[in-house]
Amino acid sequence: MTLVEEEGLQLREVQRLEGHTDRVWGLAWNPATGTAAIPAMLASCGGDKTVRIWQQRNPSSTSFDCKAVVEETHTRTVRSCAWSPSGKKLATASFDATTAILEQNGDDFDCVSTLEGHENEVKSVSWNASGSLLATCSRDKCVWIWEVLPGDEYDCVSVLQGHTQDVKMVQWHPTVDVLFSCSYDNTIKVWAEDGDSDDWRCVQTLAESNNGHSSTVWALSFNDTGDKMVTCSDDLTIKVWGVDIARLQSGDDNASWRHLCTLSGYHDRTIFSVHWSREGIIATGAADDAICLFIESEDHPVDGPSYKLLLKKEKAHDMDINSVRWSPVENRLLASASDDGTIKIWKLDSIH
């Protein structure tokens with residue numbers, strides 16, 4: 001049965017995770033956990049300068065416990081966190097202008113490397129699919145690409161300058177080494193390695209002039225196959241973009257992203273976070289304290305795909321929702337983080 005045919009779905013709160021003493025900014029599921037033998041693990045970070053690691057009690061349970069609190073690594077707000085593809089390392093980006101690399105050591109998480117170079121707040125961090133590259137972005141308008149070397153060494157191989165304002169988020173494409181960044185300058189930029197050199201260049205800018213956003217772009221996410229991307233903005237819209245994935249994977253830099261559709265009228269305040277599940281459900285979290293879920297509509301209009309609202313969870317949190325993240329392993333398990341200091345675990349299931 002497809003989701004479209006399912007009537008009466010609900011987003012059910014299964015647990016509220018408390019412990020952060022300030023707003024929670026970022027969430028990341030460990031991609032190497034959540035299977036039959038390994039309980040799921042979730043990292044959170046926030047304004048209290050800490051990173052918290054939450055672990056499922058057992059693989060059949062939906063209850064999570066706080067397994068570790070990383071307190072000494074950063075001196076200011078921790079804005080973003082991301083697990084490496086192997087799940088062995090956690091990168092954390094902070095307003096103290098550094099990015100830390102944490103590694104699990106028994107029950108503890110130790111800082112094994114600190115990346116410095118940005119002039120001020122680091123807003124986001126992302127690993128590429130193979131774990132060989134790391135990207136960071138900052139209020140200094142720059143995006144840095146780091147090469148992961150043996151012995152916990154990280155070498156900055158490129159500083160990408162092109163945005164005219166604070167860069168809010170960086171995200172690698174799920175299958176090819178192409179990097180995406182979104183910014184306070186209302187644009188999304190696509191970066192690719194210059195074939196003949198080791199340098200990186202901007203190959204496309206998605207701006208208001210080509211059906212892009214008219215205000216700050218806060219976040220972006222890819223579908224499972226990587227042929228579609230969704231973006232969200234301060235302009236209260238969600239936009240879906242598509243690419244010829246075969247051309248992109250063949251290394252064709254001219255494989256351009258094109259606007260497919262715009263969703264508007266669902267949130268009435270800034271949309272801070274968007275995330276696409278393996279199943280194809282788009283989740284959004286916003287300053288109106290609501291979570292919306294969208295799916296592709298079955299009846300395709302002539303001019304490309306359209307998306308419809310699956311459900312809207314009003315008052316999902318008491319304050320702004322900063323991050324929504326689907327589990328990479330368990331279908332229909334969603335985590336959300338808020339200014340109210342809590343993280344919530346949700347399950348999308350039938351009302352019956």
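## Close-up views of a predicted model

**View A. Aromatic contact between tyrosine 266 and phenylalanine 294.** A search of the whole structure, which is a predicted model, yields 10 aromatic pairs. One pair consists of tyrosine 266 and phenylalanine 294, arranged edge-to-face with 4.9 Å from centre to centre and 80° between the planes. This pair joins distant parts of the chain, its members being 28 residues apart. Tyrosine 266 is located in the loop between strand 21 (258–264) and strand 22 (271–276), whereas phenylalanine 294 belongs to strand 24 (residues 291–296). Tyrosine 266 counts as partly exposed because its relative accessibility is 24%. Phenylalanine 294, by contrast, is classed as buried, because its relative accessibility is 0%.

**View B. Aromatic cluster of Phe180, Phe222 and Trp257.** These three residues, Phe180, Phe222 and Trp257, make up one aromatic cluster.

**View C. Salt bridge between aspartate 339 and arginine 23.** Across the whole structure, 16 salt bridges are found. In one of them, the side chains of aspartate 339 and arginine 23 meet at 3.7 Å, N to O. The two residues are 316 residues apart and link distant parts of the chain. Aspartate 339 occupies the loop between strand 27 (333–338) and strand 28 (343–350), and arginine 23 the loop between strand 1 (9–17) and strand 2 (24–29). With a relative accessible area of 14%, aspartate 339 is buried; arginine 23, at 34% relative accessibility, counts as partly exposed.

**View D. Salt bridge between lysine 123 and aspartate 166.** The side chains of lysine 123 and aspartate 166 form a salt bridge with an N to O distance of 2.6 Å. Distant parts of the chain are linked by this pair, whose members are 43 residues apart. Lysine 123 lies in strand 10 (residues 122–127), while aspartate 166 is found in the loop between strand 13 and strand 14 (167–172). Both lysine 123 and aspartate 166 are buried.

**View E. Further salt bridges.** Lysine 312 and glutamate 314 meet through their side chains in a salt bridge of 3.8 Å, N to O. Lysine 312 is partly exposed, with 31% relative accessibility. A network of salt bridges links Glu13, Arg16 and Lys344.

**View F. Negative surface patch.** Glu147, Glu153, Asp155, Asp177, Glu193, Asp198 and Asp199 form a negative patch on the surface. Of these residues, aspartate 155 is placed in strand 13 (residues 153–161). Its relative accessibility is 38%, so aspartate 155 counts as partly exposed.

**View G. Positive phi at alanine 97 and asparagine 211.** Most residues other than glycine have a negative phi. Alanine 97 has a positive phi, near 75°, and lies in the loop between strand 7 (89–94) and strand 8 (98–105). At 14% relative accessibility, this alanine 97 is buried. Asparagine 211, which is not a glycine either, has a positive phi of about 65°. The loop between strand 17 (200–206) and strand 18 (217–222) contains asparagine 211, which is partly exposed with a relative accessible area of 46%.

**View H. Glutamine 249 and glycine 8.** Glutamine 249 is part of helix 1 (residues 245–249) and counts as partly exposed at 45% relative accessibility. Between glutamine 249 and glycine 8, the C-alpha to C-alpha distance is 39 Å, and the two are 241 residues apart in sequence.

Key. Residues numbered from 1 in each chain as written. Predicted model: local features only at pLDDT ≥ 70, side-chain atom pairs only at ≥ 80, totals over all residues. Heavy atoms only, no water. Patch = residues over 30% accessible without salt bridge, like charges linked within 9 Å, V, L, I, M, F, W, Y side chains within 5 Å. Areas by Shrake-Rupley, 256 points an atom, 1.4 Å probe, with all protein chains shown as cover. Salt bridge = Lys/Arg side-chain N within 4 Å of Asp/Glu carboxyl O. Lys, Arg positive; Asp, Glu negative; His and termini not counted. Charge placed at Lys NZ, Arg CZ, Asp CG, Glu CD. Helix = DSSP H or I, 4+ residues; strand = E, 2+ residues; numbered from the N terminus. Buried < 20%, exposed > 50% of the residue type's maximum accessible area, 1.4 Å probe, protein only. Phe/Tyr/Trp six-rings, centres within 6.5 Å; stacked < 30°, edge-to-face > 60°.
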